[in-house]
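Visitor: I should like to go through this structure step by step. Would you guide me through its charged and polar side chains?

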Amino acid sequence: MAGEDDERPRKAASHEIGQDLSMLSLEELTARISLLQGEIERLQQAVAKKRASRDAANNIFKS
């Protein structure tokens, strides 16, 4: 029954580097781009935090 399929929880979007993209729709590709852009932003924020912590520690030990 079609109604039962609609009630199943959908798997969260994910992406595997190097994955075959030929079977994905335009909408799926666009969603993955958004997902990866968000992840890049999150990683850049983590790098900035760690860099700031390292720089602060270096400044303490240089004094």
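**Helices, charges and exposure**

Guide: The chain contains 2 helices and 0 strands. The model is a predicted one.

Visitor: What percentage of the residues in the chain is buried?

Guide: A residue counts as buried when its relative accessible area is under 20%. Of the 63 residues in the chain, the buried share is 3%.

Visitor: How much of the exposed area do carbon and sulfur atoms supply?

Guide: The area that the chain exposes is about 6200 Å². Carbon and sulfur atoms account for a share of 56%.

Visitor: Which residue forms a salt bridge with Arg42?

Guide: The structure holds 2 salt bridges. In one of them, a distance of 2.7 Å from N to O links the side chain of Arg42 to that of its partner. The two residues both lie in helix 2 (residues 26-62), 3 residues apart, about one turn of the helix. The partner is Glu39.

Visitor: Is Glu39 buried, partly exposed or exposed?

Guide: Its salt-bridge partner, Arg42, has a relative accessible area of 51%, and because the exposed class begins over 50%, Arg42 is exposed. Glu39 has a relative accessibility of 30%. This value lies between the limits of 20% and 50%, so Glu39 is partly exposed.

Visitor: What is the N to O distance in the salt bridge of Arg54 and Asp55?

Guide: Arg54 is partly exposed, at 48% relative accessibility. Asp55 is likewise partly exposed, with a relative accessible area of 35%. A salt bridge requires a nitrogen to oxygen distance within 4 Å. The side chains of Arg54 and Asp55 meet at 3.8 Å.

Visitor: Which side chain of opposite charge is nearest to Arg32?

Guide: Arg32 is placed in helix 2, and is buried yet has no salt bridge. Leaving aside neighbours within four places in sequence, Arg32 is in contact with Ser14, His15, Gln19 and Leu24. The nearest side chain of opposite charge is 5.9 Å away, whereas a salt bridge needs a distance within 4 Å. That side chain belongs to Glu28.

Visitor: Which residue makes a side-chain polar contact with Ser22?

Guide: Ser22 is found in the loop between helix 1 (2-7) and helix 2. Ser22 is exposed, its relative accessible area being 56%. The polar contact spans 2.9 Å between the two side chains, and the partner of Ser22 is Asp20.

Note on methods: Residues are numbered from 1 along each chain as its sequence is written. This is a predicted model: local features need pLDDT of at least 70, side-chain atom pairs count only at pLDDT 80 or more; totals for chains, interfaces and linings use all residues. Side-chain values use heavy atoms; hydrogens and water are left out. Helices (H or I, at least four residues) and strands (E, at least two) are DSSP runs, numbered from the N terminus. Buried means under 20% relative accessible area, exposed over 50%, partly exposed in between (1.4 Å probe, protein chains only). Lys and Arg count as positive and Asp and Glu as negative; His and the chain ends are not counted. Contact means heavy atoms within 4.5 Å. Accessible areas come from the Shrake-Rupley method with a 1.4 Å probe; for residues, only the protein chains shown count as cover. A polar contact is a pair of N or O atoms within 3.5 Å; within protein, one must be able to donate a hydrogen and the other to accept it, and residues adjacent in sequence count only if both atoms are side-chain atoms.
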